Structures are given as structure tokens and as C-alpha cells.
Amino acid sequence: MKKFYLSYMLSILLFIISCFFKQNIKIVFEVFSLFFLLEEKIEYLFHNTWVFKRTRTLFIDIFVAICFFLLKEERLFLIYKILEQGVHLLFINQFGSEKGIDLGIKNYLKSSKIQQKWFFLFFFLLASIFLFLLLDQEKKTVFLFLLILLLFFKQNKLESILTYFYQTSLKKVEQKQILFHKEDLFEKIQNCDEIVLTKTGVLTSGKMEITKIIPVYQTKEEIFKYATLLEQKSQHPVAFAFHGNYKDKEEHEISFISEMKGKGIRGVIDGMEVVLGSGTLFEELNIKYPRVEFLHPTIMIAVDGTYVGTFVLKDELKSDLEFLFPLLKEEGITKSVLLSASSKEQVKKIASHLSITESYANLTLEDKLAFLKNEKRYHQIIYIDDRYSSNDFMRASDITVSLSPNKNCDIELLDGDIHHILFLKKEAKQLAEFKNKVCISYFLLLLISLVLAFLDYKNLIYISLFFLIFELFTFYLLKSHKKRL
């Protein structure tokens, strides 16, 4: 970076020296001044020829410089470039280089309110009208030249500024321990109006404890032993309530274990079929059980087709969630839905306590997936789950968020804090507002510049000053955007 600063200062020095010499020597100094101004882009050309954006702007710079030298107005161009490069170095000094920011930046630039193709079409049509009104051939040539300058040369500046905004938002996301796995997520988050989430591990801690054992026909020790043997290798949150709590010196023959996600687990222990799970699983297997509503999560157990008991579990609600959903509503999340396999009473109680709009209980994974598919027809959905963000769930929602390691989802919250959804919603909204302000200001400025160019090509120096004011305005916006890091 010091090398580029040195080149910049040297170019200014050579430009000042050129003012004291006559035409021939003066041009030599000006050419060298221009060379040092463009050194960064020239270095990219020789060492990174694949960087299309850098090489394109270099060739346009050289073309415009030749045009100005032919018009004997090279001093205007050098002043113009010195001002522009100075602001560019100011941006890099404050916000760092835009190099290396790849995730989503291309889609982010394409998603600008005013697309590049409309930008080109608009100004070419405007140029045609002006040229039709102009009769002087010399003015037509100069105007065409200035049009090329404004269309191609300055378009890259808008991309650079938008890239800085996007880069700053990505840094904020990284600092919050949030991982993006897909592109263009800021725009998707901005458009989402519904949040759908599960209970265990999302609203609750996911660290379940057994608070009560209700045996039928068998002792507490016997049904606890069967449950522990079934759950000893499972990684489901319910299974952790049984891990390490039973020590049996006897050897048991476990010939078969099958885990049914969202329903329970079954297996054969010492020749007996043991089923541990929800009422949905018991109904599928035609096992009769007492239908009792508990205020806490429960899991039932059956041996050889006979219900033998219930385990009552404790799963604490996470703290500081009371204001989350009302605040999300203010940010555009008009609907919040809780989907759970737990009892109706428990789910309803949690939803009411947290101001969640709708709640559904006693659901299997298939039920949750069917709900999402139906909702997607009417809403843009953020789906939050502790672990089950499969491809089916990803297709059924616009954004999938996982609170545990899962590279298949769109967003990973490494610290498991769902308050980050509020942060992402606000950041997406702020980024969209900044982008709109910059784009509107930029295109108004281009319009003014075209009018000035139409009046006299020597107005280029004033055009460059207008662009300098615009870039200082965006610099101020970026500073305010960065303060929230």
C-alpha cells in the first residue's frame, strides 16, 4: 500500500514540475505523471490478467488520456485523475481493499435498483436526443467522447462504492459469529415476512433432564434401563437426558435399533421389542397408551407392544426472548410460527409467553415440511431449526438457519443465539437504504454531468469536482455504516 501512496505523491510532483516547462518537455512530465497515477492498474494487468474489471478500466483510462492529449487538454484529465485517485486512496485507507470479497458481491451488484443494462440504455437514448439537436460536427465528436467517459469510466466507481458497503456488512456478520453459506442473502432477508421455527434447541436450551418417571407394570429402574440402552448412541437432544445416567454390569444383547427422526426410536433388547417415542409413533405402531396432557415434554416407552411408562423431561426456555418477536414484527416479520412435536398445552403456553403469532403441536417432520410447503405459496419464509435443515426443508423455505453445525443450510449461527435474526433483518434493511441513496445520488450526478458536457467539454474539471463531492458523501455514509461494527 505504501508503494501506491508513493506513486500518487510522485505523480502530483511531476505534474507540478511540468507546469514550469514548455510544450515538448511538459508533455513528457505529464505522461510520466499519468503513468504513476495508473501504476496500480498496470501492475494488475501484468500480474493478474484475469482481473477483468481492473484491466478494462486501465484501457479506458489510456484511451481517454490519448483523447485529451489530442485535444491539448491533458491538464484537465490529470487534475481529474489526481482528484479521483486521492479519494480512492482515502477509501482504501479507511475501509481496506475490496479485494477478496467474493461471497454474493456479483449478485449484490446486479440486484441494484437500477440495473446496469437500464443504465446504459437510458444514457444512450439521452445521447441520441442531444446529438440529434446538435448540428456542429465537432461538438458531436466531443460529446461522444465525453459520453464514453461517463458511461464506462465512472460505472466502475459505483461498483466499487457498493462493494465497500457490502464488505462492511459482511464484516459485521462475521463478528457476530454468523456464517453465510449462500449468495445474495441480504436481499432475501430483506424480503422475508415470516419466521417459522422449532422449539427444542431454538427457543429452549436443548439440554433436557428427566424430572419424573411414571412406570406402569414395571419398575422405574427397568424402564429406565431399556430407554438408556436404546438411546446410548443417539445424538438427539432427548437422548442426552439418558446418557451416562445408567450403569449396568450385565451384558445385554441389542440386535436392532432404528431411529425415526421427529418420532422416536425402537429396537430389540434381549429379544424384546422396545419402543421409545411420541404419541404419533405409538399410534403408527397401534400401541395403546393413556392420553394425558403434560405441561412439560414427555416421552413414552413400550415393551413388546405394551405401554409401560412415561418419562417427564425438563427443557428450560432460553432467557431474553420476550421482546424478540415483537421487535421482529416492527422490522417486517408480520407472522411467526412455532412448530413442535410437544404437547398442545406446552406449545401454546410458550407461544403465548413469547408473543408468537401461531403454534402447532404434536407434529412429525413430515407435518412440518408440509406446513412449510403450503406457507411458501403466500410468504417469504425464514426457517430456523436446531439440526434438521435437510434439502427438503431448504427447498420449502427461502432461508434456512441452523443453530448447530450444518453446512447444508443458508445461515449458521455458531453461538446459537436467535437474536441474530433481528440483527440480520436490520442490517439488510440498512444496506438496502444505503444502496438506494448511493444509486439515486450517482445517477442524478451523471445527469448533471451530461448537461455540463453538452454545454462545453472544458466543464470536465467541474464534473470531476462534483464526483469528488459525491464520493465524500458516500464516504460519510460508509463511516456511519461502519460505526455499528
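In this predicted model, Glu 316 and Lys 314 are joined by a salt bridge whose closest N and O atoms lie 3.2 Å apart. Both partners are partly exposed, Glu 316 with a relative accessible area of 45% and Lys 314 with one of 35%. Elsewhere, Lys 335, Glu 358 and Glu 375 are drawn into one network by salt bridges that share partners. The points below take up further salt bridges, then an open sheet of six strands, and lastly a nonpolar patch on the surface.

**Salt bridges**

- When the whole structure is searched, eight salt bridges are found, and the pair of Glu 316 and Lys 314 described above is one such contact.
- Glu 427 and Lys 172 bring their side chains together in a salt bridge, with a distance of 3.2 Å from N to O, and this pair links distant parts of the chain, since Glu 427 belongs to helix H17 and Lys 172 to helix H9 (residues 155-175), 255 residues apart.
- Glu 427 counts as buried because its relative accessibility is 4%, which lies under the 20% limit for that class, and Lys 172 likewise counts as buried, at 3%.
- Arg 266 pairs with Glu 273 in a salt bridge in which the closest N and O atoms are 2.5 Å apart; here Arg 266 is partly exposed at 23% relative accessibility, and Glu 273 is partly exposed at 31%.

**The sheet of six strands**

- The strands of this open sheet follow the order E3-E8-E7-E6-E5-E4, and their pairing is antiparallel.
- Strand E3 (209-215) and strand E4 (254-260) stand at the edges of the sheet, and because each has a single partner strand, one side of each is left without a neighbour in the sheet.
- On average, and with direction ignored, neighbouring strands of this sheet are turned by 15° against each other.
- At the E4 end of the order, E4 is joined by six bridges to strand E5 (residues 264-269), the two running antiparallel, and among the residues involved Phe 256 has Val 268 in E5 as its bridge partner.

**Strand E7 and its neighbours**

- Strand E7 (residues 298-303) is largely enclosed by the rest of the structure, because five of its six residues are buried.
- With strand E6 (residues 272-277), E7 pairs in the antiparallel sense over four bridges, and Leu 276 finds its bridge partner in Ile 301 of E7.
- With strand E8 (residues 306-314), E7 is joined by six bridges, again in an antiparallel arrangement, and Thr 298 has Val 312 in E8 as its bridge partner.
- The hairpin formed by E7 and E8 has two residues between the strands, and within this hairpin Asp 304 takes a positive phi near 50°.

**The nonpolar patch**

- Ile 448, Tyr 462, Leu 465, Phe 466 and Ile 469 make up a nonpolar patch on the surface, and together they have about 480 Å² of accessible area.
- Helix H18 (residues 460-482) supplies the largest share of this patch, namely four residues, whereas Ile 448 is found in helix H17 (residues 420-455).
- Ile 448 is partly exposed, because its relative accessible area of 45% falls between the limits of 20% and 50% that bound this class.
- Helix H17 therefore appears in two of the topics above, as it holds Ile 448 of the patch and also Glu 427, which is paired with Lys 172 of helix H9 and counts as buried at 4% relative accessibility.

Definitions and conventions: Residues numbered from 1 in each chain as written. Predicted model: local features only at pLDDT ≥ 70, side-chain atom pairs only at ≥ 80, totals over all residues. Heavy atoms only, no water. Patch = residues over 30% accessible without salt bridge, like charges linked within 9 Å, V, L, I, M, F, W, Y side chains within 5 Å. Areas by Shrake-Rupley, 256 points an atom, 1.4 Å probe, with all protein chains shown as cover. Salt bridge = Lys/Arg side-chain N within 4 Å of Asp/Glu carboxyl O. Buried < 20%, exposed > 50% of the residue type's maximum accessible area, 1.4 Å probe, protein only. Pairing = 2+ DSSP bridges. Axes fitted to C-alpha atoms, helices over the stretch in contact; angles between N-to-C directions.
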